[in-house]
Every structure is written in structure tokens, then in C-alpha cells.
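Here is a short note for someone opening this structure for the first time. Please read the points with the structure in view.

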Amino acid sequence: KILPPGAEVYNYIYEQNTGGFSTILIFKQSPIIRKIQVISDYKLTKNGIIDFVIKKFLVDFFGLIIPVPFFGDSGAFVEIKYLYEDIWIEYFDEQIDDNSSKEVFNVYRRVGNLVDDDKNKG
């Protein structure tokens with residue numbers, strides 16, 4: 001799945017191994033929806049699975065932060081295939097239809113510590 005041009009994705013882990021986890025999508029070129037934030041609690045298991053429970057969705061709509069109701073299962077997980085220093089590779093199966101799926105890998109790079117300005121993004 002492809003994000004629109006100029007979009008940025010930030011993942012913030014607030015406490016190591018268990019705690020808060022936020023994903024923020026920033027749409028710099030959109031005048032309507034500027035950002036979407038998903039706030040979760042997470043736990044890193046010993047076998048490399050990150051279990052997380054979505055607590056809330058926030059959408060910056062014309063500069064107003066609006067909580068959006070979440071429908072469906074609030075629990076999810078990703079499997080970490082590789083985690084070393086500043087590189088994190090996750091793996092999951094993406095369902096294509098009822099009979100097939102494909103392997104998906106996401107690669108993340110640590111760019112620094114969370115600072116107060118970052119906390120105010122959401």
C-alpha cells in the first residue's frame with residue numbers, strides 16, 4: 001500500500017518492552033487531513049512478537065484534533081524478524097482474498113530519541 005506523495009510515518013515507543021506506542025502519519029501536502037495518530041499500548045514478547053491494543057485514533061482535520069471511533073478488533077500484533085541497534089524489520093501476512101495471502105516486510109530505522117516537540121505532534 002502506498003501513501004500519498006510527501007507523507008511521513010513516525011513510530012514512537014514511549015517505554016521499552018512494554019508501554020505506549022504511537023504511529024503518526026503526517027500528510028504535508030494535504031490541506032484537509034494533516035495527520036492521523038494511532039495510540040496503543042504494547043508488549044514485546046520473548047519470541048519477537050509485538051502485541052498491541054489500540055486505545056484511540058486522532059485525526060487532525062483542518063487543524064482540529066478529532067477523536068475518531070474505532071470499529072473492529074482493537075488487538076493486533078506484528079512479528080519482528082530482525083532487531084538490532086537502529087534497524088527494525090517486521091513481518092506479517094497480508095490477506096489478499098479468502099484463499100491467499102502474501103508476505104509483507106516493513107523496515108524501520110531509528111532516527112533519534114523522542115523529544116518534547118515530537119510528543120506534541122499528536
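The points below go from the whole chain to one surface patch and two of its residues.

1. **Confidence.** This is a predicted model. The protein chain averages a pLDDT of 78. Of its residues, 77% score at least 70. Confidence varies by element: β5 has the highest mean pLDDT, 90. Helix α1, residues 116-119, has the lowest, at 55. Keep these two values in mind when reading on.

2. **Layout.** The protein chain holds eight strands and one helix. Starting at the N terminus, the order is β-β-β-β-β-β-β-β-α. The helix therefore comes after the strands, by the DSSP runs numbered from the N terminus.

3. **Burial and surface.** The protein chain has 122 residues, and 26% of them are buried. About 8,900 Å² is exposed. Carbon and sulfur atoms supply 55% of that area.

4. **Contacts along the chain.** Take the contacts between residues at least 6 apart in sequence. Of these, 28% join residues at least 24 apart.

5. **A nonpolar patch.** Which residues form the nonpolar patch on the surface? They are I32, F61, F62, L64, I66 and V68. Together they have about 530 Å² of accessible area. Strand β5, residues 64-68, gives the largest share, with three residues. β5 is also the element with the highest mean pLDDT.

6. **F61, in the patch.** F61 is a patch member and sits in strand β4. Is F61 buried, partly exposed or exposed? F61 counts as partly exposed because its relative accessibility is 36%, and that class lies between the cut-offs of 20% and 50%. Leaving out residues up to four places away in sequence, F61 touches I32, I33 and I66. Two of these contacts, I32 and I66, are named in the patch as well. F61 and I36 are 25 residues apart in sequence. In space, their C-alpha atoms are 8.9 Å apart.

7. **F62, in the loop.** Where does F62 lie? F62 is in the loop between β4, residues 49-61, and β5. F62 also belongs to the nonpolar patch. Its backbone deserves a look: F62 has a positive phi of about 55°, although it is not a glycine. Most residues other than glycine have a negative phi.

8. **To recap.** The patch draws on β5 for its largest share. F61 joins from strand β4, and F62 from the loop between β4 and β5.

Definitions and conventions
Residues are numbered from 1 along each chain as its sequence is written. This is a predicted model: local features need pLDDT of at least 70, side-chain atom pairs count only at pLDDT 80 or more; totals for chains, interfaces and linings use all residues. Side-chain values use heavy atoms; hydrogens and water are left out. Patches are made of residues with over 30% relative accessible area and no salt bridge: like charges are joined within 9 Å, nonpolar side chains (Val, Leu, Ile, Met, Phe, Trp, Tyr) within 5 Å. Accessible areas come from the Shrake-Rupley method with a 1.4 Å probe; for residues, only the protein chains shown count as cover. A salt bridge is a side-chain nitrogen of Lys or Arg within 4 Å of a carboxyl oxygen of Asp or Glu. Helices (H or I, at least four residues) and strands (E, at least two) are DSSP runs, numbered from the N terminus. Buried means under 20% relative accessible area, exposed over 50%, partly exposed in between (1.4 Å probe, protein chains only). Contact means heavy atoms within 4.5 Å. pLDDT is the predictor's confidence in each residue, from 0 to 100.
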